[in-house]
Amino acid sequence: MVELALYLCLFMCLILTCYAQTCAKYAFSSNRVFKSCTDLPVLNSFLHYNYDVSGKLEIAYRHTGITSSRWIAWAINPTSKAMVGSQALVAYQLSDGSMRAYTSPITQYQTQLQEGELSFDVSDLSATYSNNEIIIFATLGFPNNDTTLNQVWQEGAMSGNTPQMHATSGPNVQSMGTLNLLSGQAGTIGGRTSTQRKQNIHGVLNAVSWGILMPLGAIIARYLKVFKSADPAWFYLHASCQFSAYVVGVAGWSTGLKLGSESPGIQYDAHRTSGIILFCLGTLQVFALLVRPKPDHKYRVYWNIYHHLVGYTVVILIVINIFKGLDILEPEKKWKNAYIGVVIALACSGVVLEAHTWFLVLRRKRSESAGKMSHGINGAHGNGVNAHTANC
């Protein structure tokens, strides 16, 4: 048993060692040697390099787990911590099986990666594709001898021999950072962290307001008002819940607009359009309370139809749009599962309360019908007695 345990431990150590391999363990088939390397945080990417204090930088950018129908790029932005302004090295496999590697200055969002000269010297540019891995080799020259660089790396699909726009969510908008050539330390861009923080705030505000409080307010209005003892408390609970949801939701909606204005090249048209529609309908619902007719007014029935129709439409659109937002943010799976749990809980509560509501309404109608019938019989008997007395 002891020997078996030792063998198992050795086996597990070997497995962990294999999985723990990083760029430092990689050996190039061309026998090239790079003194420094860094594991980039997203997109299965690694950067190997040799840096000379004279300003010469020899690099090998590796992107693993990729098919031949995709392009890759690694870039340096000499002027800012952003995609626009980046000086990119691009590579992909042509339809005839050969590799193409070239330089492309990024001057705008949604670029087509047109070939062009960079703001610094590039030589010995080449690329290889093997075992689902593309590698770009190049030598760069920096006249100002910068030792901390703003780097961007990316990948996207191909259409024939033409690179297409990369994805605009998840790892593809997180693939930028800084690189210290002397220490080899890679960091994230502070602006990206700030954007992620705003995205998280936007998501939380909207999930809590539109996604939880608003449906909860609809449930209160739908099911509490059947209890005579809950009148008018149900109305004030409903109005308070919906107004709170609207105020918090407007804050979340405004954060979304701000994010959109700060990211002109990244558009989520369906999510944005749905958000604007929800804001307009929500605003309409809030102001509709100001013109609500009295219960006995002849137009109250039409107001009820409008209010219920718009309210249920808002709830349905809310759930759809929140899931669209979750797909954009790509948070940890537990957060999406948590909201799915909330939706299921609200839906199950609605089903149970709907059944109970119909039970109460039908029982109340039977009671009222029985009371009327009893009153009618008693009245008929009374009339019969009176008539007989009169005849007498």
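Over residues 201-221 of this predicted model, the chain is 100% helix and 0% strand, with the end C-alpha atoms 29 Å apart. This span is one of those that UniProt lists, in an unreviewed entry, under "transmembrane region", the others being residues 273-291, 303-323 and 338-362. For residues 303-323, the secondary structure is likewise 100% helix and 0% strand, and the end C-alpha atoms lie 31 Å apart. Helix H5, which comprises residues 300-329, has 30 residues and reaches 42 Å from its first C-alpha to its last, a value close to the 44 Å expected at 1.5 Å a residue. After H5 comes Glu330, for which phi is positive, near 50°.

The strands considered here form an open sheet of 5 members, arranged in the order S1-S2-S3-S8-S7 with antiparallel pairing. Strand S1 (36-39) and strand S7 (121-130) are the edge strands, each of them pairing on one side only. Averaged over the sheet and with direction ignored, neighbouring strands are turned by 15° against each other. In general, the strands of a sheet pair through backbone hydrogen bonds, in either a parallel or an antiparallel manner. Between S7 and strand S8 (residues 133-141), the antiparallel pairing extends over 8 bridges, and Ala127 stands opposite Ile136 in S8.

Aromatic contacts were examined by a search of the whole structure, which finds 10 aromatic pairs. One of these involves Phe235 and Tyr236, whose ring centres are 5.6 Å apart and whose planes stand at 70°; because this angle is over 60 degrees, the pair is classed as edge-to-face. The two residues of this pair can also be described by their accessibility: Phe235 has a relative accessible area of 18% and is therefore buried, the cut-off being under 20%, whereas Tyr236, with a relative accessible area of 52%, is exposed, since that class begins over 50%.

Ring pairs further link Tyr26, Phe28, Phe34 and Phe137 into a cluster, and charged side chains are placed over the rings of two of its residues. The charged end of Arg32 sits over the ring of Phe137, at 4.0 Å from the ring centre, while Arg62 lies over the face of Tyr26, 3.6 Å from the centre of that ring. Phe137 also falls within the range of strand S8, residues 133-141, and S8 in turn stands between S3 and S7 in the order of the sheet.

Terms used:
Residues numbered from 1 in each chain as written. Predicted model: local features only at pLDDT ≥ 70, side-chain atom pairs only at ≥ 80, totals over all residues. Heavy atoms only, no water. Pairing = 2+ DSSP bridges. Helix = DSSP H or I, 4+ residues; strand = E, 2+ residues; numbered from the N terminus. Axes fitted to C-alpha atoms, helices over the stretch in contact; angles between N-to-C directions. Phe/Tyr/Trp six-rings, centres within 6.5 Å; stacked < 30°, edge-to-face > 60°. Buried < 20%, exposed > 50% of the residue type's maximum accessible area, 1.4 Å probe, protein only. Lys NZ or Arg CZ within 6 Å of the ring centre and 35° of its normal. UniProt positions renumbered as here; feature names shortened; annotations may be inferred. Expected span 1.5 Å × (residues − 1).
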